[in-house]
Amino acid sequence: MNLWNKLMCYSRRHSPWLFHMNSGSCNGCDIELVASLTPRYDAEQLGVRLEGSPRHADILCITGPVTHNAVKAIHTVYDQVLGPKAVVAIGSCPATTNVFIDSRTLDGPLNKHIPVDVFVPGCPPRPDAIIQGVAKAAEILAARGNNPPSTELSIAAISAAEAPADNSPLVRIQEVQS
Amino acid sequence: MNILSMLWKNLWGGNRTMLFPARPTVSKGYRGLVKFDPELCSGCAICKFRCTARAIEFKAAKGEFTWSYDPGQCTFCGRCVEGCAEHALKEGHTEHALSQESAPPPIYLHSGELKHAYTVKRKTTVKPAVKPDASPAVGAPAPNPATGGTQ
Amino acid sequence: MNWIHGLVTPLARLLIFPGLLFAVPAAWFFLWVERKAVALMQGRVGPPFMQPFFDFIKLLGKSTPPRSGVGGLLMRAWPLIAVSAAAGAVGLLPVLPSSGGFEGDLILLLALLELPSMCIIAAGFSSRSIFGEIGSAREAVLSVAYNVVFLLAIVSIAASQHTFRLESLAALPASPMRWLGVLALLVCLPAKLHLNPFSLPNAEQEIYSGPMVEYAGPELAMWELSHGLEWVAATGLVATLAAPYITLWWLAALVFVGLMFAIVLALSTLASATARLAIDTTVRFYWQCTLIFAVLAVSSALFMRLRS
């Protein structure tokens, strides 16, 4: 039904729900992300809601260069986000590991593990830049529909994804981040 | 009751939101994207050494060099600009090649999309060699600029 | 032909007004009013008008995680039970004059109003997640806290007027007992609707959405819809008890919607003016401060009844 598809596409674009995950960042980008919900920048005018559970979200916003501890958590959370989804890498750390380049505690930029749709550079990026990134990700999400993103995942990520489907509750995040 | 009067003022005083996609102007000292002027660059590569994030790459070749910059890698600290300005002052110039524009970097969709490179021909800064004076009574011969100065 | 009339009127009440056809858009409208009012009072712009509708449609388009076994079946069932209970509660509201109803339908209304929070508690436990269990435990404690006052208030209104029939309750003239009861109901509403300052089960960033942590897609859409319908049912109940008796049906409907709008605005003001209270403060508030008044209301109702 074309009308239903158009309505679904429009709704996906105008109702992006975020889940924010920190994979070892200095918290600068996290602070700017929640600053984008403040009255000056007000991400809610686009329908953005910061959700508490990955299962509720469409867009996964990840900050931080990916530390070794966080790799498994990123795979777990990415698998827990359902349906049409998009990933936004906030800050220059997930895109290129920024100043932590060649550090032995890190495991590469984010797109080594999961497909990233939008990169928002900056150290930290301004809240208005983050909102632009989220709006672009919502557009990509709406256009993508129900087709999963084409990924060039590394071998490690593929073998992790082939593990039995992850329906287990979210206790795992708590373990990894503590 | 303070909070209620605050809410009342907010309700009737209008919102303070910038409607998307308007963006606020940055402040005066904002450290944004690094701008490179190929005309003024002397190829000293101090910016590459001072860069904290290895966003600047410098490759020297015969008679030219390639300077490249990746805003996605950059942390916008400004050390490259400081180093360039210091070096230019030491050499007696008033202008230097690097500056930081007050523009935040744009969002991009593919990794490495924002990286750009310039290939600059080296300028000749070395003066041509001069024959030393024939008279030995002058004392020690004046240092030959062609061989005595450092590059 | 009386039995047709007996069948058509309740069906019309359940499906058209104030049933599903009115209640679902009203739920989305009041959800939007609450978000927009809170945003304006915080100095922001807030979501556009059709936002809850778009949220609902978008959630219908997401996939759900596979659920297995009896636990999975239960997890899929709880949101549906919550939505049907809330829709049934809205359908029972005596908005229009002489629209039927039966003896004791106040009890049914209270039971149906109670079911959504029971379903939330059960859903949190059946998702077998730590965060779900914490959220459900908080919801259960909150439910015990405000329900005592809520039920005592309604029972005192009903007992003072010697009737448990909703239609008769709505048609009665105002009395101080009724206003006291309405005030007590208003005090319980923020806890029932999970608004600040009693929004503890909804603590999103604290406990990863609490009971809803494992829900996604169409199930989550049903939860959001049941939340909106709970708004309509609870504020509608207070509105019908507070509204004077009007014989013109369209005027009665208008006054009903207007009163609901006013209550939603008042609740939004309270929500934006306060912060979330911890569970012990909440329980202490409902059991120490308001319980006294509820007990007074019931005892005076019984006393008046004994005297008459």
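A residue is buried if 20 or more other C-beta atoms lie within 10 Å of its own, exposed if 12 or fewer, and partly exposed in between, with C-beta atoms placed from the backbone. Keep that handy for the exercises below. The model is predicted, so local features need pLDDT of at least 70 and side-chain atom pairs count only at pLDDT 80 or more, while totals for chains, interfaces and linings use all residues. Residues are numbered from 1 along each chain as its sequence is written, and chains are lettered from A and ligands numbered from 1 in the order in which they are written.

**Exercise 1. A small sheet in chain B**

Work out the strand order of the open sheet of three strands in chain B, and say how many residues of β5(B) are buried.

Step 1. Get the vocabulary straight. Strands (E, at least two residues) and helices (H or I, at least four) are DSSP runs, numbered from the N terminus. Two strands pair if DSSP finds at least two bridges between them. Strands of a sheet pair through backbone hydrogen bonds, either parallel or antiparallel.

Step 2. Read off the order. It goes β2-β3-β5, and the pairing is antiparallel.

Step 3. Look at the edges. β2 and β5 (116-121) of chain B each have a single partner strand, so one side of each has no neighbour in the sheet.

Step 4. Check the twist. Ignoring direction, neighbouring strands here are turned by 15° against each other on average. (Axes are lines fitted to C-alpha atoms, for helices over the stretch in contact, and angles run from 0 to 180 degrees between N-to-C directions.)

Step 5. Zoom in on one pair. β3 (residues 64-69) of chain B and β5(B) share six bridges in the antiparallel sense. Ser68(B) sits opposite Ala117(B), and Phe65(B) has Val120(B) as its bridge partner.

Step 6. Count. Among the six residues of β5(B), the number of buried ones is zero, so to speak: the strand is hardly covered.

**Exercise 2. The sheet in chain A and its helix**

Find the strand order of the five-stranded open sheet in chain A, then find which strands α5(A) touches.

Step 1. The order is β2-β1-β3-β4-β5, with parallel pairing.

Step 2. At the edges you'll find β2 (49-50) and β5 of chain A, each pairing on one side only.

Step 3. Pick an inner pair: β1 (residues 17-22) and β3 (residues 59-63) of chain A run parallel over five bridges. Within it, Leu18(A) faces Ile59(A).

Step 4. Add the helix. α5(A) packs on the sheet and touches β1, β3, β4 (86-90) and β5 of chain A, and its direction makes about 160° with that of β4(A). Contact between two residues calls for C-beta atoms, placed from the backbone, that lie within 7 Å.

**Exercise 3. Where chain A meets chain B**

Say how many residues each chain brings to the contact, and which element of chain A gives the most.

Step 1. Chain A brings 29 residues and chain B brings 25 residues.

Step 2. On the chain A side, α4 (92-96), β5 (118-120) and α5 (127-144) each supply at least two residues.

Step 3. The top contributor is α5(A), with seven residues.

Step 4. Sort that side by class: 15 nonpolar, eight polar and six charged residues. Here Ala, Val, Leu, Ile, Met, Phe, Trp, Tyr, Cys and Pro count as nonpolar, Asp, Glu, Lys and Arg as charged, and the others, Gly among them, as polar.

**Exercise 4. Odd backbone spots**

Which residues have a positive phi although they are not glycine, and is each buried or partly exposed?

Step 1. Thr97(A) has a phi of about 60° and belongs to the loop between α4 and β5 of chain A. With 23 other C-beta atoms within 10 Å, Thr97(A) is buried.

Step 2. Arg54(B) has a phi of about 55° and belongs to the loop between α2 (46-50) and β2 (56-61) of chain B. Its 16 C-beta neighbours inside 10 Å make Arg54(B) partly exposed.

Step 3. While you're on backbones, spot a cis peptide bond: Cys123(A) to Pro124(A), with omega near -5°. Pro124(A) is in the loop between β5 and α5 of chain A.

**Exercise 5. Checking a helix length**

Compare the expected span of α8 (residues 176-192) of chain C with the distance between its end C-alpha atoms.

Step 1. The expected span is 1.5 Å times one less than the number of residues.

Step 2. With 17 residues, α8(C) should span 24 Å, and its end C-alpha atoms are 24 Å apart, so the two agree.

Step 3. See what surrounds the helix: its buried residues, including Leu180(C) and Ala184(C), pack against α6 (130-160), α10 (217-242), α11 (249-273) and α12 (279-307) of chain C.
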